[in-house]
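Here's a quick briefing to read with the structure open beside you. It starts with charged pairs and then moves on to the packing inside.

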Amino acid sequence: MQPGNLVAPIIVAIGVIIAAVAFAMVTTLLETADGGADLRLTRLEESFAAEAAQRARLEAEIGTLKADLARLRDEMSLIANRAPAAPAVEATAPVDDGLSLPEDGQHLPETEALTEQMRAARERFNKGVTQPRNKTMLALLGRPREDLGSDCRTITNPRLKDLVETRQIGPVKATMLKPALDSLERILARLKEDEPDIAAKLGTAGSLCVRLIRGSASAVSNHSFGTAIDITLQGELDPFADGTMQIGLVILAEHFNAEGWYWGGGYNREDGMHFEVGEETLRKWVEDGLIPAQ
């Protein structure tokens, strides 16, 4: 065969070899690329899973924090709803710590003082009496005044203003709505008959005080409506949320409950000195026209 006749087969052979090498290289590159993509995809999926788990943990923590915040707001509301303490007033009756009353389970042993602390079975109290929430008070009685602050102010709401009175009821002087004062008179009259020693040693740390709950820009204190009062015994304030309450206040609570008032000793963090007209009684006063309807 002539040399010129070998050129074409050689070129074809070289082309076949080059094609085979190119195919092998492309195949290898594609396999490598696929492997890299799978690895990156796997890593992304793991990253997404880790972020989802972290998000779930954060959401759970946020839920816990929200619950804690709601509980703290309730506790702040209870503290803020206490009226500012009034100056101590001398008792109008002599103080007699030596009590001698029938031992029927409803009266004090003669060796105990009215202000002695005790742990009360709080579930016994406030049965059938609902604590009026801020929303309920505003719906039933209206806003006591438009401009509210952290300081005590007067009621300007015409529906309520004409009902505000200051009255001396035994040793207790209070400024409240007339129906609340009438109710308080009935309570203290029965108390004087049943527990004269307690009735003689009552005092008050405040009643009407139109203001916002401290720390809030919108929530109105329950003392703003003239339907709440803080009671003292022998001039002493009952400690707030210490797990105990004065014996005299525990006995007094039964009389307030009977008249449809809610006792603060039933709060999760007890406020034994605080008494306020219950929601059911407020609604009845509005229905009976004792408080003008909105």
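Let's start with an arginine: R167 is buried, its relative accessible area being 15%. Keep in mind that this is a predicted model. Overall, the protein chain has seven helices and eight strands, and 37% of its 294 residues count as buried.

**Salt bridges**

- Searching the whole structure turns up 13 salt bridges.
- R167 pairs with E165, and their closest N and O atoms sit 2.7 Å apart. While R167 is buried at 15% relative accessible area, E165 is partly exposed at 28%.
- R186 and E259 also meet through their side chains in a salt bridge, at 2.6 Å from N to O. R186 belongs to helix α4 (residues 178–194) and E259 to the loop between α6 (247–258) and β7 (261–263), so this pair ties together parts that lie 73 residues apart in sequence.
- In that pair, R186 is the partly exposed partner, with a relative accessible area of 39%, and E259 is buried, at 15%.
- There's a network too: salt bridges with shared partners link E165, R167, K178, D182 and E185 into one group.
- R145 bridges to D147, with 3.1 Å between the closest N and O atoms. Here R145 counts as buried at 13% relative accessibility, whereas D147 is partly exposed at 41%.

**The nonpolar core**

- In soluble globular proteins, nonpolar side chains tend to be buried together.
- In this model, the largest nonpolar core holds 47 residues, and the ones with the most contacts inside it are L202, I229, W261 and F275.
- Which helix gives this core its largest share? That's α6, which supplies seven residues.
- Setting aside residues up to four places away in sequence, I229 touches a long list of partners, including V172, A174, M176, L184, W261, M273 and F275. Its other contacts include T204, G206, S207, H223 and H274.

**How α4 and α6 pack**

- The axes of α4 and α6 come within 9 Å of each other, crossing at roughly 135 degrees. Since angles over 145 degrees would count as roughly antiparallel and 65 to 115 as roughly perpendicular, that makes α4 oblique to α6.
- The crossing of α4 past α6 is right-handed.
- On the α4 side, the residues that meet α6 are L184, I187, R190, L191 and D194. Their counterparts in α6 are L252, H255 and F256.
- L184 also turns up among the residues touched by I229.

**L148 in its loop**

- Is L148 buried or exposed? With 14% relative accessibility, L148 counts as buried, because the cut-off for that is under 20%.
- L148 sits in the loop between α2 (134–141) and α3 (158–161).
- Leaving out neighbours within four places in sequence, L148 contacts R143, R153, V210, R211, L212 and V220.
- The C-alpha atoms of L148 and A219 are 9.7 Å apart, though 71 residues separate the two along the chain.

**Reach along the chain**

- Take the contacts in the protein chain between residues at least 6 apart in sequence: 68% of them join residues at least 24 apart.
- The R186–E259 salt bridge is another link across sequence, as it ties together parts 73 residues apart.

Technical notes: Residues numbered from 1 in each chain as written. Predicted model: local features only at pLDDT ≥ 70, side-chain atom pairs only at ≥ 80, totals over all residues. Heavy atoms only, no water. Salt bridge = Lys/Arg side-chain N within 4 Å of Asp/Glu carboxyl O. Buried < 20%, exposed > 50% of the residue type's maximum accessible area, 1.4 Å probe, protein only. Helix = DSSP H or I, 4+ residues; strand = E, 2+ residues; numbered from the N terminus. Core = buried A, V, L, I, M, F, W, Y, C linked by side-chain atoms within 4.5 Å. Contact = heavy atoms within 4.5 Å. Axes fitted to C-alpha atoms, helices over the stretch in contact; angles between N-to-C directions. Parallel < 35°, antiparallel > 145°, perpendicular 65-115°, else oblique. Left-handed = near helix turned anticlockwise from the far one by under 90°.
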